[in-house]
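Here are my notes on the model you asked me to look over, set out as numbered points that go from the overall fold to a pocket and then to a pair of helices.

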Amino acid sequence: MGEETEFRFLRACRGETVDITPVWFMRQAGRYMKAYRDLKEKHTFLEMCKTPELAAEVTLQPLDALGVDAAIIFADILLPLEPMGTGLEFTRGDGPVVPRPIKNKKDVDKLRPVNAEEQLGFVGDAIRIVRSEISGKMPLIGFAAAPFTLCSYMVEGGKSRDFNATKMMMYEFPDVWATLMDKVCTVLVDYLAMQVKAGAQVLQVFDSWVGCLGPADYTQYILPYSKRVLDGLKGLGVPVIHFSTGTSTLLDRVRDAGGDVISFDWRIHLDDAWETIGFDKPIQGNLDPSILMAPIPVIRERVLDVLRRAGGRPGHIFNLGHGIFQHTPVDHVKAVVDMVHQYRHE
Ligand code: CP3
């Protein structure tokens, strides 16, 4: 057995027993850290994503500072939109903007196939640099969006509260929706395969906004495509984490779509979610990221609650239910890592 199969994070992804619960955080690199804000003075977000040395530097920033059990490559789920042809902009403070959104069949037909090695190769290069820096210390996670979450940005043209345009495409033009999701699935599988080839040891697929749908719509319009992506990753030989938020009532379906680890948010007790998913399946979660801004005693109480609910069963990765907020104190994040690492199940 190579040493990397012994990382507790990889063991937990496979549902094996661990000495200590592994912990990492979504958005562990970002604006809540001074080192990141300093670099951001000199470069735009997209510049940082597309310059492998900078993306690698940002990936490494939180690792020693926090003592986490995994690194996640610094990139963004929306990067494939540029080569697909819709454009992508991050206007300060406004969130992502897609300047040429997908409105109809003609727009879907115009979408370009993506050569991940050539057009998104900077992510692979960043992965190679990070691997050479952390090899033997901790595993590296690669990631992409799930098809729904990526398509929602493409159709809405940016962030959305109600996802009306996306839902209307499903209901009014189901064939156009099917073709769009189909094209996106192909891009996502290739992009993720490229990341594994470059050295990613785990993949996370982000379905951040799919909780806006009811169970029937999830089953009809989303599940077959998420399944296609997750099935398409099976041959790569790395564990895949299937992440979503707002899906407390959809978790059985999210599990059916696939993934080796199911990651969910704080809107459900961890043990209730795990029972629905099945205790045989590894899980990740599920602290509310707002708790990281609470006083330390409150944080401790909530962290211990998550750990107690996990009950020492094999296959729990401690994480938030969604990404770290900008105004989170770094020492609170570090305190959570220490609490998780000091905890012993009775
Ligand atoms: O987790 C990590 O540390 C890796 C980095 C990472 C980023 N984005 C960096 C980032 C990851 C995993 C993502 C994924 C991502 N991007 C998701 C899925 C996860 C989630 O939060 O649901 C989504 C929906 C996006 C799209 C996106 N990119 C949004 C909504 C934003 C915020 C825009 C804003 O102005 O707040 C981004 C930008 C972004 N991605 C930042 C970072 C660090 C902030 C950029 C900045 O510094 O201004």
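**Notes on the predicted model**

1. For a chain of 346 residues, a compact globule would be expected to have a radius of gyration near 20 Å, and the chain, at 19 Å, agrees with that expectation. This is a predicted model, and its C-alpha atoms, taken along the principal axes, fill a box of roughly 60 × 45 × 45 Å.

2. As to secondary structure, the chain contains 16 helices and nine strands.

3. The largest pocket holds about 1600 Å³ of space. It is lined by 46 residues, of which R27, R31, D76, F90 and P96 are the closest to its centre. Sorted by class, this lining comprises 23 nonpolar, 13 polar and 10 charged residues.

4. Which elements each supply at least two residues of the lining of the largest pocket? They are the helices α2 (34-42) and α3 (45-50), together with the strands β2 (89-91) and β3 (95-97). The largest share, four residues, comes from α2.

5. Helix α10 (residues 164-172) and helix α11 (residues 174-198) have axes that come within 5 Å and cross at roughly 115°, which makes α10 roughly perpendicular to α11. On the α10 side the contact is made by T166, M169, M170, Y171 and E172, while α11 contributes P174, V176, W177 and L180. By class, the contact of α10 with α11 has seven nonpolar residues, one polar residue and one charged residue.

Terms used
Residues numbered from 1 in each chain as written. Predicted model: local features only at pLDDT ≥ 70, side-chain atom pairs only at ≥ 80, totals over all residues. Heavy atoms only, no water. 1 Å grid on protein atoms, 1.4 Å probe; cavity = no way out; pocket = protein on both sides within 12 Å on 5 of 7 lines; lining within 4 Å. Points joined across faces, edges and corners; volume = space filled by probe spheres on them. Nonpolar A, V, L, I, M, F, W, Y, C, P; charged D, E, K, R; others polar. Axes fitted to C-alpha atoms, helices over the stretch in contact; angles between N-to-C directions. Parallel < 35°, antiparallel > 145°, perpendicular 65-115°, else oblique. Contact = heavy atoms within 4.5 Å. Rg over C-alpha atoms; globule rule 2.2 N^0.38 Å.
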